[in-house]
Amino acid sequence: MKKVILDVDTGVDDAMAIAYAAHSPELELIGLTTCFGNITAPEATRNTLAVVESLGKDIPVIEGAKETLRRGEKKQYSRHVHGEDGLGNALKAEPAGRPQPGHAVDFIIEQVKRYPNEVTIISVGPLTNLALALEKAPELVSLIPEVIVMGGAVTVPGNVTPYGEANIVADPEAAAVVFGSGLPLTLVGLDVTMQTLLPRTLLDDWRASGRRDALFLAEMTEFYMEFYESCYPGIGGCGLHDPLAVGVAIDPSLVKIEPMRVTVVTEGEETGRTVGSPEGAPKIGVCTGVDAERFLRHFAGRIVG
């Protein structure tokens, strides 16, 4: 069983990723760390607690970065994508649980040092928490066996600008720190996540299960799919961005990976662009292909299984 810290900015696809990880026996979720991104950090913490509560799980939630590494607070949030509450307006009441005391950055450092070379970090939001942890404790580079990042668009256009993907654009300096750190990193970007489509028909299966968590996920995902339909008429579903990063942690054979040096543009019109090159170091693994059908079967089986 792989010990995992899942770093989230909990919107709709983060919620699906949390549920997927929590239902996967290959993974031991030792903590959920939160960050600004889709919504503010306190909202992401609240949403994470709500998802954990719906799952009936006892997973520590630790709040993290409220602002970017170098640029101060994020100015705009994706409420048109994820709803005013970040969960497709499906949140009907405040969760009963509370986050653990302390900061996500310190939690990451403590857990990695407690379990050297055992903790996989899956980051599906801006990379601020991890960048801050590396700045505070550079020795983490030699103690983390695997980092999987949902972010970037190396071979395809971006989704919030023509050049950049949302998590990278939200804090490009943090991404630059992480990508240049020498960590053993796999980048699960729009290059592959836009090939993974959750069909609307699967929401019927979730509802039919009658389970609290499945009903919650179905309601929030309905909103998310409406946004996709407005952008891509006739698409009939939504991309599984964050869940794919969890899938890669469970089974790396789901994707094709190519080693590249990836730099991040931090100034000008192309800010947030991830530029891949076969030359130079350090190299990270960039996902360039995905067995989308096999991944969807696995994801769907875990969510309702």
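A residue is termed partly exposed when its relative accessible area lies between the 20% under which residues are buried and the 50% over which they are exposed. In this predicted model, Arg 71 has a relative accessible area of 41% and is therefore partly exposed. Arg 71 is located in the loop that connects strand S3 (61-63) with helix H3 (79-82). Apart from neighbours within four places in sequence, Arg 71 contacts Pro 172, Glu 173, Thr 266 and Thr 271. With Thr 266, the side chain of Arg 71 reaches the backbone oxygen at a distance of 2.7 Å. Pro 116 is 45 residues from Arg 71 along the chain, and the C-alpha atoms of the two are separated by 32 Å.

Two of the residues in contact with Arg 71, Pro 172 and Glu 173, are also buried residues of helix H7. Helix H7 spans residues 172-179 and is mostly covered, with six of its eight residues buried. Besides Pro 172 and Glu 173, the buried set consists of Ala 174, Ala 175, Val 178 and Phe 179. The cover over these residues includes helices H5 and H6 (166-170). Strands also contribute to it, including S6 (185-188), S9 (255-264), S10 (274-277) and S11 (284-290).

Helix H5, which takes part in covering H7, also packs against helix H4. The axes of H4 (residues 104-114) and H5 (residues 128-136) come within 9 Å and cross at roughly 60°. The two helices are therefore oblique to each other. The crossing of H4 past H5 is right-handed. On the H4 side the contact is made by Ala 104, Val 105, Asp 106, Ile 108 and Ile 109, and on the H5 side by Asn 129, Leu 132, Ala 133 and Lys 136. By class, six of the contact residues are nonpolar, one is polar and two are charged.

Lys 136, one of the H5 residues in this contact, lies 13 residues along the chain from Val 149, with 20 Å between the C-alpha atoms. Val 149 belongs to strand S5 (residues 146-150). Its relative accessibility is 1%, so Val 149 counts as buried. When residues up to four places away in sequence are not counted, Val 149 touches Ser 123, Leu 127, Leu 185, Thr 186, Leu 187 and Val 188.

A second helix pair is formed by H1 (residues 12-22) and H10 (residues 212-231), whose axes come within 9 Å and cross at roughly 145°. H1 passes H10 in a left-handed crossing. The H1 residues Val 12, Asp 13, Ala 15, Met 16 and Ala 19 meet Leu 217, Met 220, Thr 221 and Tyr 224 of H10. This contact comprises seven nonpolar residues, one polar residue and one charged residue.

Asp 13 and Tyr 224, which belong to H1 and H10 respectively, are both in contact with His 241. His 241 is part of helix H11 (residues 241-250). Its relative accessibility of 6% is under the 20% limit, and His 241 therefore counts as buried. The side chains of His 241 and Thr 193 are joined by a polar contact of 2.7 Å. Neighbours within four places in sequence aside, the other residues in contact with His 241 include Met 150, Leu 190, Met 194 and Tyr 228.

Definitions and conventions:
Residues are numbered from 1 along each chain as its sequence is written. This is a predicted model: local features need pLDDT of at least 70, side-chain atom pairs count only at pLDDT 80 or more; totals for chains, interfaces and linings use all residues. Side-chain values use heavy atoms; hydrogens and water are left out. Axes are lines fitted to C-alpha atoms, for helices over the stretch in contact, and angles run from 0 to 180 degrees between N-to-C directions. Helices (H or I, at least four residues) and strands (E, at least two) are DSSP runs, numbered from the N terminus. A crossing is left-handed if the near helix is turned anticlockwise from the far one by less than a right angle, and right-handed if clockwise. Contact means heavy atoms within 4.5 Å. Ala, Val, Leu, Ile, Met, Phe, Trp, Tyr, Cys and Pro count as nonpolar, Asp, Glu, Lys and Arg as charged, and the others, Gly among them, as polar. Buried means under 20% relative accessible area, exposed over 50%, partly exposed in between (1.4 Å probe, protein chains only). A polar contact is a pair of N or O atoms within 3.5 Å; within protein, one must be able to donate a hydrogen and the other to accept it, and residues adjacent in sequence count only if both atoms are side-chain atoms. Angles under 35 degrees count as roughly parallel, over 145 as roughly antiparallel, 65 to 115 as roughly perpendicular and the rest as oblique.
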